[in-house]
Amino acid sequence: MKKKLISMSLLAVVFLFSGCGNNAKKVTNDAPISRSNFYLGTYCKVTIYDKSDESILDKAFNRIEEFDKMLSINKENTEVDNINDKSGIEKVKVNDDIFKLIDKSLNYSKLTGGAFDTSIGPIVKLWNIGLDSARVPSKEEVTKALPLVGYKNVELNANEKTVYLKEKGMALDFGAIAKGYIADEVVEVLKDNGVKKAIVDLGGNIYALGSNKEDKPWKIGIQDPDLERNNIIGYMYSSNKSVVTSGIYERFFEKDGVKYHHILSPFNGYPFNNEIMGVTIVSDLSIDGDALSTSTFSLGLNEGIKFINSIPNVDAIFITKDHKIYLTDGIRNNFSLTNEKYKLAN
Ligand code: ADP
Ligand code: MG
């Protein structure tokens with residue numbers, strides 16, 4: 001079995017209705033072209049609605065495959081392995097994509113006061129959540145691994161294009177940000193090839209390019225965390241937006257009646273534990289959505305809402321464990337609740 005690298009979230013959190021709102025009746029001649037493949041530990045799907053040139057899909061998937069090779073932890077000598085292996089020893093020259101990923105990650109670390117930390121690798125490896133080897137580590141193990149987590153010990157050199165992890169045993173993990181970055185890159189490939197209507201779906205990390213066949217914004221459903229794909233709590237309309245969800249129900253394991261999920265605190269080494277069940281971020285860039293959906297967990301509900309409201313052009317839908325929905329200001333008029341189990345709470 002292919003090992004997890006980025007995400008095992010086969011249950012995509014965001015589900016999309018193709019076609020337009022309520023009246024998808026207009027008949028057009030050319031059917032969309034679509035391709036789906038298992039990469040980066042999840043299903044990646046690209047659907048193009050205004051071109052029938054399959055070679056564009058080839059190009060899009062070539063780009064995804066490039067990242068799959070760079071980031072997979074089960075492949076030998078990937079760039080990321082190399083950086084981690086050289087921790088505490090020497091700096092490593094990296095390609096532009098990895099450099100950008102690290103650079104962006106460090107920015108999010110600063111923005112979130114360290115709640116987002118791509119050097120969380122040693123803690124992720126202790127828990128192994130999403131893999132068969134998942135387990136609850138001992139307190140001693142966590143205490144030992146924690147000092148190895150720290151974005152301030154990740155040294156980037158822009159002139160040399162190098163990265164150096166200052167402590168031996170440090171390890172980068174791009175699980176919280178890579179799919180977002182790759183989604184944006186795939187969108188660039190599509191745009192470069194003249195595509196104006198498409199959906200990029202990297203395991204629930206969605207980007208809705210342009211408009212649908214009827215020239216209306218795409219209708220995007222938000223998954224019901226209690227159920228699988230196709231069961232939604234509500235929907236919204238989007239054009240040229242990324243819609244990304246992180247949830248504690250996506251990847252977890254249960255031990256002695258306690259659920260342990262995969263969004264971990266760089267401060268104490270344990271899964272964040274607060275009232276949030278899932279958070280969906282709507283943003284212009286998918287890398288922002290991916291990083292923010294993960295890091296908002298650290299803030300809890302009230303601070304999380306304030307935080308997202310403070311960032312221009314970014315909105316969020318929070319789902320709490322007691323089945324309430326909280327919206328940020330900018331999405332209030334564009335979210336329709338359709339599921340009676342949930343209540344709008346703000
Ligand atoms: P998903 O992988 O389900 O899309 P996320 O985008 O929220 O979910 O990413 C979660 C992954 O990010 C974890 O599996 C782990 O690899 C990594 N991670 C966990 N906690 C953090 C954190 N505090 N900061 C950065 N990365 C994290
Ligand atoms: Mg994320």
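**Note on the salt bridges, magnesium site and sheet**

1. Asp-322 and Lys-324 form a salt bridge, with 3.5 Å between their closest N and O atoms. Asp-322 has a relative accessible area of 47%, so this residue is partly exposed. Lys-324 is also given as partly exposed, at 32% relative accessibility.

2. Keep in mind that this is a predicted model. The pLDDT of the protein chain averages 90, and 90% of the residues score at least 70. Two stretches should be read with that score in view. Over residues 1–15 the pLDDT stays under 50, and the model has 66 contacts beyond four places in sequence for them. Residues 18–27 also have a pLDDT below 50, and this stretch has 12 contacts in the model beyond near neighbours in sequence.

3. How many salt bridges does the structure hold? The count is 18. One of them joins the side chains of Arg-35 and Glu-54, at 3.2 Å from N to O. This pair links distant parts of the chain, since Arg-35 lies in strand E2 (residues 33–39) and Glu-54 in helix H1 (residues 54–71), 19 residues apart. Arg-35 is partly exposed, with 24% relative accessible area. Glu-54 is partly exposed too, with a relative accessibility of 39%.

4. Helix H1 also holds Glu-65 and Lys-69, which are 4 residues apart and therefore separated by about one helical turn. The two form a salt bridge whose closest N and O atoms are 3.8 Å apart. Is each partner buried, partly exposed or exposed? Glu-65 counts as partly exposed at 28% relative accessibility, whereas Lys-69 counts as exposed at 53%. The cut-off for exposed is over 50% relative accessible area, so the 53% of Lys-69 puts this residue in that class.

5. Salt bridges can also join into a network. Here Arg-63, Glu-66, Asp-97 and Glu-185 are linked in this way.

6. Which protein atoms are donors of the magnesium ion (ligand 2)? They are Ala-176 (O), Asp-290 (O), Asp-290 (OD) and Thr-294 (OG1), at 2.0 to 2.5 Å from the ion. Asp-290 thus appears in the list with both O and OD. Along the chain, the donors of this magnesium ion follow the spacing A-x113-D-x3-T.

7. Two of the residues at the magnesium ion, Asp-290 and Thr-294, belong to helix H7 (residues 286–295), and because they are 4 residues apart there, about one helical turn separates them. Buried means under 20% relative accessible area. Asp-290, with a relative accessible area of 5%, is therefore buried. Thr-294 also counts as buried, at 14% relative accessibility.

8. The last topic is a sheet. Three strands form an open sheet in the order E4-E6-E5, with antiparallel pairing. Strand E4 (92–93) and strand E5 (154–157) are the edge strands, each pairing on one side only. E5 and strand E6 (residues 162–165) run antiparallel and are joined by 4 bridges. Within this pairing, Asn-157 has Thr-162 in E6 as its bridge partner. Helix H3 (residues 96–111) packs on the sheet, where the helix touches E5 and E6. The direction of H3 makes about 125 degrees with that of E5.

How values were computed
Residues are numbered from 1 along each chain as its sequence is written. Chains are lettered from A and ligands numbered from 1 in the order in which they are written. This is a predicted model: local features need pLDDT of at least 70, side-chain atom pairs count only at pLDDT 80 or more; totals for chains, interfaces and linings use all residues. Side-chain values use heavy atoms; hydrogens and water are left out. A salt bridge is a side-chain nitrogen of Lys or Arg within 4 Å of a carboxyl oxygen of Asp or Glu. Helices (H or I, at least four residues) and strands (E, at least two) are DSSP runs, numbered from the N terminus. Buried means under 20% relative accessible area, exposed over 50%, partly exposed in between (1.4 Å probe, protein chains only). pLDDT is the predictor's confidence in each residue, from 0 to 100. Contact means heavy atoms within 4.5 Å. Donors are N, O and S atoms within 2.8 Å of the metal (3.2 Å for Na, K and Ca); water is not among the atoms, so sites may look incomplete. Two strands pair if DSSP finds at least two bridges between them. Axes are lines fitted to C-alpha atoms, for helices over the stretch in contact, and angles run from 0 to 180 degrees between N-to-C directions.
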